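Trainee: Please take one part of this model and look at it closely with me, and then lead me on to some other places that can be read in a similar way. I am in my first year, so please explain each term when it comes up.

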Amino acid sequence: MLWKRISKLRTVLGVLNRKVPSYGRFKPRHFCSVPPVGQGHTIFALSSGRGKCGVAVIRVSGPASAFCLCQLTRMKQGLPPPRTAVLHSISDPNSGELLDRGLLLWFPGPQSFTGEDCAEFHVHGGPAVISAILQALGSLPGLRPAEAGEFTRRAFQAGKLDLTEVEGLGDLIHAETEAQRRQALRQMAGDLGHLYQTWSHTLTRALAHLEAFIDFSEEENIEDGVLNQVDNFVRQLQMEIHSHLHDNRRGERLRSGVHVVIAGEANAGKSSLLNAICQRPAAIVSPIAGTTRDVVETALDIGGFPVLLSDTAGLRDTHDIIEKEGVRRTRERLEQADLTVALLDVVGLLEASNKLTHLLFSFLEDLNVRQKQQCILVLNKIDLLHKKELNDLHCALKKEEDLPTVCWLSCKTGSGIEEFLRVLRAELEILCGNPLLGMPSLTQARHRSHLHKCLEALGLYEYYKRADMALAAEGLRSALASLGRITGKVGAEEILNLIFRDFCIGK
Amino acid sequence: MLPRRFCHCHRARLQFLSTRLIGQNVSGDQYDVIVVGGGHAGTEAAAAAARGGAQTLLVTQKLSTIGTLSCNPSFGGIGKGHLVREVDALDGLCGRLCDQTGIHFKVLNRSKGPAVWGLRAQVDRLLYRSAMQREVCATALLNVREASVEDLMVEDPDASRPGLARVTGVRLGDGAIVLGRAVILTTGTFLSGSLKFGTSSVPGGRLGEAPSVGLSLSLSELGFTKGRLKTGTPPRIRKESVNFDKLEVHHGDERPVPFSFMNAEVAIEPSQQLLCHLTYTTPGVEDVVRDTLAANDHVQQDTKGPRYCPSIESKVLRFPGRAHQVWLEPEGLNSELIYPQGLSMTMPVEAQVALLRHIPGLEAADIAAAGYGVQYDYLDPRQLHPTLETRKVQGLFMAGQINGTTGYEEAAAQGIVAGINAFLHTRSLPPFTISRTEGYIGVLIDDLTSLGVTEPYRMFTSRAEFRTILRPDNADQRLTERAYHQTGCISGARVVTARHIASRLSEGISLLKSLCLSSYRWKQLLPEVGISQERSGHMSAFDVLQYRGVTLDALAAVFPQDLVPFLDLSDRIQVEALYEPHAEQQKLDMEQVRRDEQLVLPTDLDYLHLPASLSIEAREVLHRHRPPTIAAASRLPGVTPAAIMHLLYFLRASGQQKEAGGPLVER
């Protein structure tokens, strides 16, 4: 199988030979060839921020970095000088299509960020260019998209980070994984997510049946039909994944932007705040608690950042079936939120002044706020308080360091709204600096790359299924691992559970 | 001190034993290593410690039961055969003894690929036991004593190592104290064991043998967390009462494959092997089970039994309306008994008789000993280091069923690791552990110590991530050399054999790789092999060997001068060629796991109050499982990559690890 892959690669190189005649005379540097897989995976990722950036930086790290520079640029003079920016065209290694012109940087290890060979592509910041280059990278042998925090982890393992740098790393990776998790949740909620889950179940089942056949068929009653069933499962998967990958409609519409959710108790003024932000009556407001029963969603541009703003039903225990459903949807939205605007009626706070902190923290916990950075706490209806009461509350809250940013405002009089918008913009700026956030095409590129790997591994199963079942199972295992990078890991114990559920095994 | 009763021993052995006991134990009752229990874990543990050079004492309730196969008369199987091979690679006993006493050898999974072949042997129960007793007696520095152990002696811990106490010896049933620097508990099902027949229940670890109640109590006093598990055994049937005529016959392999790397062949003549028979349950069996359910306490209680080795009762209840397999296995060359594999049951004896009536071949079966259930205490194996030493008590080791496993092979595998490490402990030498990337033993111990058990744990090949590398054929190449260097518990002869094979294997493989011909020429020479028409350029003989249907013999016909000298290794070379294309990818993944395994977490970390930014969920999971390494931690559900980074940071920052920037290696 491996030589098959390599010979396929040779064909690709052969194509290159024909298209670039001078390539024959020019003696390629030895590292421009595919490094053996044994040296480790090469990873790539978009590492610049999003928002309104003109230039995007794509980083590659690992032994195949030099190879991938050669493949994407077809440089005639070998690699560029180390650590020097060079302007060059970047094209698709398979089709030869020009993707962009940009700056290239070559950092031979160990003098690089990760200690490995690294390359950087500084290209134009449009999503089409970025995703085309990411897909081109993903199609090269030995390359795969980086997991969250993988660059930093490699740097850490190579001893390239000092203690203070490492300190921030856990939080950084947490933020990255959190952003990916939320992104994944949004996608998984749709038809696409459902499709991936179905594939994952089918594949898990296929693997469980094959493993059962390996571990138990000699001494137990495992019906002979099991293998045919596995074959059918695999064939069906191959077909579906293949046609999905070649479907030019590219799946469903993906919702883009930072997800901001306004949430809080009933009648705290959430819809009023939404209207104040939108500067138009997007939602119905009334003094009756429970007016908003469904999620009201508005797409906005705030300070140049694309935002999907959701107004939600107030969280309260209710017997009203419709309102109950509204509360459930609110919780679902909160789970997917990038930023939560937690809204409270300041009058209620005054009444509970003796256990103020407890009240605030349990409120935030109820809203699923995991980190104070992901939240703005808004205290509404300050027009109903006296100046002294307001001052006392101010002082009490100032002492609490673990609270998120607090904004005091009145939707009714409009006081404090400007300040709130300033805070919101600042938060958005931070959020959009995170390259992993909310870029559907990037997620899509990741998915495609993993699905390709999955399909390739299913081929391994087909190749070995009648010759060596351990190798055939290895194909299914790695197919499941690839799919698991989209849908979540499936462990050995789950496979065993399926085996014992489906078969009577009783040696 | 002389053991009081020797009635079960052969006369010659008795003399040998007593001279040894008197001659070597003059300094009083003091040993390096004390092993409690003489089952599969105990014997391997004691022999391994003694091989290393430890003065070792094996204490057992009955000398005559050392090496007893208390359940099925067979060794090995799929996944389990891998374990026997690995125990043998560590110079253990069970593989060699099976080769000596086997009466029916069969490699299971022949058609499924050498990585999952399951070496299996029916052994003669009595021959195996006496061979094991001979082996134990012949091991230098290994002494045995018949006594029950009632209590553990402990003192304040060695302050330089984690632990709340340090073991100093054991107190026997008669009050005598035996001192030891390390103690290994291999008490199997004897900890507060009770036997279940129908609705009645008798204290006991095995039929006719008393349980260890005192020891169970003293383990509780030391603060060990215990759980309860159940298992069962089928009735034994008189051979002459079975009608074999109608049953499916299964022969042993024509060329039996020995378990041990030291043996070129097994003792029995292939043609002399005994037969196994296969029969099936009928609907009548289901009726008997249902009708007698009220009189069957064992099945109804909720103590955890295995999902995969259920009694016939749970099989027909969970999967009704099916015919379930029953293997009729011979118990020995001269035995009058048949072991019905798959018929483990706990119903009253009359019902057992009635049930057998509904199985073809067993209509007139005569029960020699009824089937029964066993319930016993096990200790949560998460309280162990990967060396099988307990975290709480320094020098105290546990191996076998006491850790929640089932099976002789699993017990032997733990026994040998515990024995080696107990010896190293007495010499204050660095511990010897096996990683998941090195062997099934590593998978077994890592699963136990990091995830714990919820049912009796049995080995399956599906538990091993690196299945195509951890094969039965290469266990010696994976383990012997390293164990020889790091432990001293491997005999010279063993390592010489392993080295000889290693050098000839690599010689043979590099020779094959150097024999290159054009693919056109190969197609001419081996027309029946489907070498792809599209292939061009040169191919080595090693590449060609990867094709289906190509054997080393066929290649030797092309290159007789070069290859004929390697024909004795043809099986092994062929397997290497088969898996080589895949090996690179696996080795890459193994490297990642190994790197994480190098990052050792201190055993005394207070996860609940660690000044690191960890979620409450992650803290609780880490606190409960106490993973020994970063690798184990990252396998725990609920531990995120971010949590792992925080742990790494904490380790580095708190100066637990040596210099900044350098590798975080402790092991």
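Mentor: We will begin with one strand, and then go on to a helix, some aromatic rings and a few single residues.

This is a predicted model, in which local features need pLDDT of at least 70 and side-chain atom pairs count only at pLDDT 80 or more, whereas totals for chains, interfaces and linings use all residues, and side-chain values use heavy atoms, with hydrogens and water left out. Residues are numbered from 1 along each chain as its sequence is written, while chains are lettered from A and ligands numbered from 1 in the order in which they are written.

The part for our close look is strand β19 of chain B, residues 372-379, where 8 of the 8 residues are buried. Buried means under 20% relative accessible area, exposed means over 50%, and partly exposed is in between, with a 1.4 Å probe and protein chains only. Strands (E, at least two residues) and helices (H or I, at least four) are DSSP runs, numbered from the N terminus. Tyr372(B), Val374(B), Tyr376(B) and Tyr378(B) point one way from β19(B), while Gly373(B), Gln375(B), Asp377(B) and Leu379(B) point the other way, and all of these residues are buried.

Now consider the strands that pair with it, where pairing requires that DSSP finds at least two bridges between two strands. Strand β10 of chain B (residues 194-197) pairs with β19(B) in the antiparallel sense over 3 bridges, and Leu195(B) stands opposite Val374(B). Strand β12 of chain B (residues 226-233) also runs antiparallel to β19(B), joined to it by 8 bridges, and here Gly227(B) has Tyr378(B) as its bridge partner.

A helix can be read in a similar way. Helix α13 of chain A (residues 387-398) has 12 residues and reaches 16 Å from its first C-alpha to its last, close to the 16 Å expected at 1.5 Å a residue, the expected span being 1.5 Å times one less than the number of residues. Its buried residues are Leu390(A), Leu393(A) and Leu397(A). They cover an arc of only 65° around the axis, which puts them on the same side of α13(A); the arc is that of the directions from the helix axis to the C-beta atoms. The face turned away from this buried side carries the exposed residues Lys387(A), Lys388(A) and Lys398(A). Among the elements that cover the buried residues are α11 (346-351), α12 (356-366), β11 (375-380) and β12 (405-408) of chain A.

Next come the aromatic rings. Rings of Phe, Tyr and Trp (its six-membered ring) pair if their centres lie within 6.5 Å, and planes under 30 degrees apart count as stacked, over 60 as edge-to-face and the rest as tilted. Over all chains, the structure holds 7 aromatic pairs. The rings of Phe216(A) and Phe460(B) have centres 5.1 Å apart and planes at 65°, so this pair is edge-to-face. The pair crosses between chains, from Phe216(A) in helix α7 of chain A (residues 191-216) to Phe460(B) in the loop between α12 (440-451) and α13 (475-487) of chain B. Phe216(A) and Phe460(B) are both buried. Elsewhere, Phe75(B), Tyr128(B) and Tyr408(B) form one aromatic cluster.

Lastly, let us turn to single residues. Thr487(B) is in helix α13 of chain B and is buried, with a relative accessible area of 5%. The side chain of Thr487(B) reaches the backbone oxygen of Ala483(B) at 2.6 Å and the backbone nitrogen of Cys489(B) at 2.9 Å. A polar contact is a pair of N or O atoms within 3.5 Å; within protein, one must be able to donate a hydrogen and the other to accept it, and residues adjacent in sequence count only if both atoms are side-chain atoms. Not counting residues up to four places away in sequence, Thr487(B) touches Ile420(B), Phe423(B), Leu424(B) and Phe432(B), where contact means heavy atoms within 4.5 Å. Arg129(B), by comparison, is in helix α5 of chain B and is partly exposed, with a relative accessible area of 28%. The C-alpha atoms of Arg129(B) and Thr487(B), 358 residues apart along the chain, are separated by 28 Å.
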